Amino acid sequence: MNPVVGLDVAKGESQVQAFLDQSKPYGKSFSMKHIKEELDHFLEFLKEIEEVTGQMPMVILESTGHDHSPVIQYLEEQGIPYILLNPIISYQAMKSSLRKVKTDAIDAYQLCVLYYKEDLEPHKIRGIQLLDLRNLSRQQEIVTNMYVEAKLQFHTILDQVFPEYRKVFGDLYSRVSLLILKEYPTSEAVLAAGESKLAQSVIEFCPSRSGQWAWEKAKKIMDSASRNPFQINVYESHVINLRMYIELLFHYQRHLSDLEDRIVSLANEMEEYKIIQSIPGIGEKIAATIISEIGEIDRFNHPKKLVAFAGVDPSVHSSGKFTATINRITKRGSSRLRHSLYLAVLCGCSRNKKLKVFYDKKKSEGKPAKVSIVAYALLLKRKKMYLDLA
């Protein structure tokens with residue numbers, strides 16, 4: 001017999017349906033909450049099926065963001081085999097059904113039916129180290145987006161209070177620049193302080209620079225205040241908001257710096273990290289994202305599977321005698337991996353002539369991204385540096 005248990009996962013609970021073999025459902029479906037007590041009852045249910053059939057059933061469920069995480073962790077702790085299904089696959093299979101009825105019970109049932117129709121592979125458990133790296137890399141992307149949004153809001157307020165200040169420091173978001181602006185946010189505050197006090201503040205906020213540099217910056221700040229169109233600040237709320245966004249910018253800078261340190265420290269423990277950086281155009285951040293999104297390279301027994309995982313495989317459209325000559329990529333895989341590969345190709349081509357020639361050749365064939373990821377797969381599989389294969 002070939003038993004299977006389908007789980008239709010939702011937030012906080014799952015609908016359960018078991019089959020002893022193809023076309024042999026076992027009992028009625030039931031609901032299971034994602035709490036320790038009910039997960040333990042679910043384990044007893046799996047062992048009950050094992051006693052009936054002589055083997056532990058395969059558990060099949062869809063990947064649903066993070067809702068499936070407690071179930072997956074419990075199954076892995078108990079050593080229960082499972083299949084984590086791409087929702088696109090199950091959706092396409094269920095869409096072909098003649099019955100247009102959708103409930104959690106039916107979805108769990110259909111997952112079991114799909115198990116017997118398709119040649120599905122059990123999920124290969126990923127290492128904690130790579131999952132930690134992936135979580136940190138994804139969090140870095142989230143915080144970066146928040147940082148960019150805070151910058152935009154900061155610009156909006158600055159344009160209404162002190163737009164000429166932009167020209168003072170080479171890096172508007174440097175520590176000394178933001179601290180000076182927080183202390184002297186308006187033309188009135190700057191002019192009232194005077195050049196000498198401003199120079200002392202610059203020295204205090206940036207002691208690593210010379211006194212001459214500090215006086216030069218103080219003079220620039222005074223000049224910017226004189227040119228500023230808002231000589232008198234009418235709205236106190238603008239100053240409050242400006243200082244608030246400066247605090248937010250510092251907050252995000254600290255978090256991003258901490259995340260980057262942790263990512264580099266963790267990635268440096270992995271052999272793949274050094275290998276992937278040997279490719280021209282791939283730095284620390286892109287390398288960490290690529291290896292964390294790919295995971296264990298042994299999960300892919302053929303480069304084409306990695307290509308599909310990244311979503312850079314071409315879609316095919318044909319009907320009768322018609323076959324499209326221009327096909328877009330499917331974009332059904334990891335968007336983070338796909339974006340990192342795109343950046344890597346752009347950077348690599350600007351730094352390496354051989355890679356640029358190779359890229360142009362493959363681009364003319366309509367498959368640059370696909371070829372690039374195959375190259376990465378070969379490097380990781382063979383554990384070779386780029387220079388060893390060039």
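**Exercise 1. A strand and its partners**

How many bridges join strand β1 to β4, and do the two run parallel or antiparallel? Work this out, then find what sits on the other side of β4.

*Solution.* Keep in mind that you're looking at a predicted model.
- Start with β1, residues 4-10: four bridges tie this strand to β4, and the pair is parallel. To find the register, look at L7, which stands opposite L61 of β4.
- Now turn to β5, residues 82-85, which also pairs with β4 in the parallel sense, again over four bridges. Here E62 has L85 as its bridge partner.
- To get from β4 to β5, the chain passes through helix α2 (residues 69-78), and this β-α-β crossover is right-handed.

**Exercise 2. Lay out the whole sheet**

Write down the strand order of the open sheet and pick out its edge strands.

*Solution.*
- The sheet has five strands, in the order β3-β2-β1-β4-β5, and its pairing is mixed.
- The edges are β3 (24-33) and β5, since each pairs on one side only.
- Ignoring direction, neighbouring strands are turned by 20° against each other on average.
- For an antiparallel pair, look at β1 and β2 (residues 13-21), joined by seven bridges. A10 has E13 of β2 as its bridge partner.
- Next, add the helices. Helix α1 (residues 36-53) lies across β1, β2, β3 and β4, at about 170° to β3. Helix α2 lies across β1, β2, β4 and β5, at about 155° to β5.

**Exercise 3. Why is β4 largely enclosed?**

Explain why strand β4 counts as largely enclosed by the rest of the structure.

*Solution.*
- Count the buried residues, taking under 20% relative accessible area as the cut-off. In β4 (residues 58-62), five of the five pass, so the strand is largely enclosed by the rest of the structure.
- Then sort them by face. In a regular strand the side chains alternate between the two faces of the sheet.
- On one side you have M58, I60 and E62, on the other V59 and L61, and they are all buried, so both faces of β4 are covered.

**Exercise 4. Put H238 in its surroundings**

Is H238 buried or exposed? Say which helix holds this residue and what its side chain touches.

*Solution.*
- H238 belongs to helix α9, residues 236-267.
- Its relative accessible area is 13%. With the cut-off for buried at under 20%, H238 is buried.
- For a polar partner, go to Q160: the two side chains make a polar contact of 3.3 Å.
- Leaving aside neighbours within four places in sequence, the contacts of H238 are I157, Q160, V161 and N233.

**Exercise 5. Two helices and a confidence check**

Which residues are buried in helices α6 and α11, and which element has the highest mean pLDDT?

*Solution.*
- In α6, the buried set includes V176, S177, L178, L179, I180 and L181. The buried residues of this helix pack against α5 (128-158), α7 (187-205), α8 (211-227) and α9.
- In α11 (residues 284-294), nine of the 11 residues are buried. They are I286, A287, A288, T289, I290, I291, S292, E293 and I294. Just past the helix, G295 takes a positive phi of about 75°.
- On confidence, α6 (residues 175-183) has the highest mean pLDDT among the elements, 97, and strand β7 (residues 322-323) the lowest, 51. The protein averages 83, with 78% of the residues at 70 or above.
- Where pLDDT is low, the predicted coordinates should not be read in detail.

Key. Residues numbered from 1 in each chain as written. Predicted model: local features only at pLDDT ≥ 70, side-chain atom pairs only at ≥ 80, totals over all residues. Heavy atoms only, no water. Buried < 20%, exposed > 50% of the residue type's maximum accessible area, 1.4 Å probe, protein only. Pairing = 2+ DSSP bridges. Right-handed = clockwise from strand over helix to strand, strands pointing away. pLDDT = per-residue confidence, 0-100. Polar contact = N/O pair within 3.5 Å; in protein donor to acceptor, adjacent residues only side chain to side chain. Contact = heavy atoms within 4.5 Å. Axes fitted to C-alpha atoms, helices over the stretch in contact; angles between N-to-C directions.
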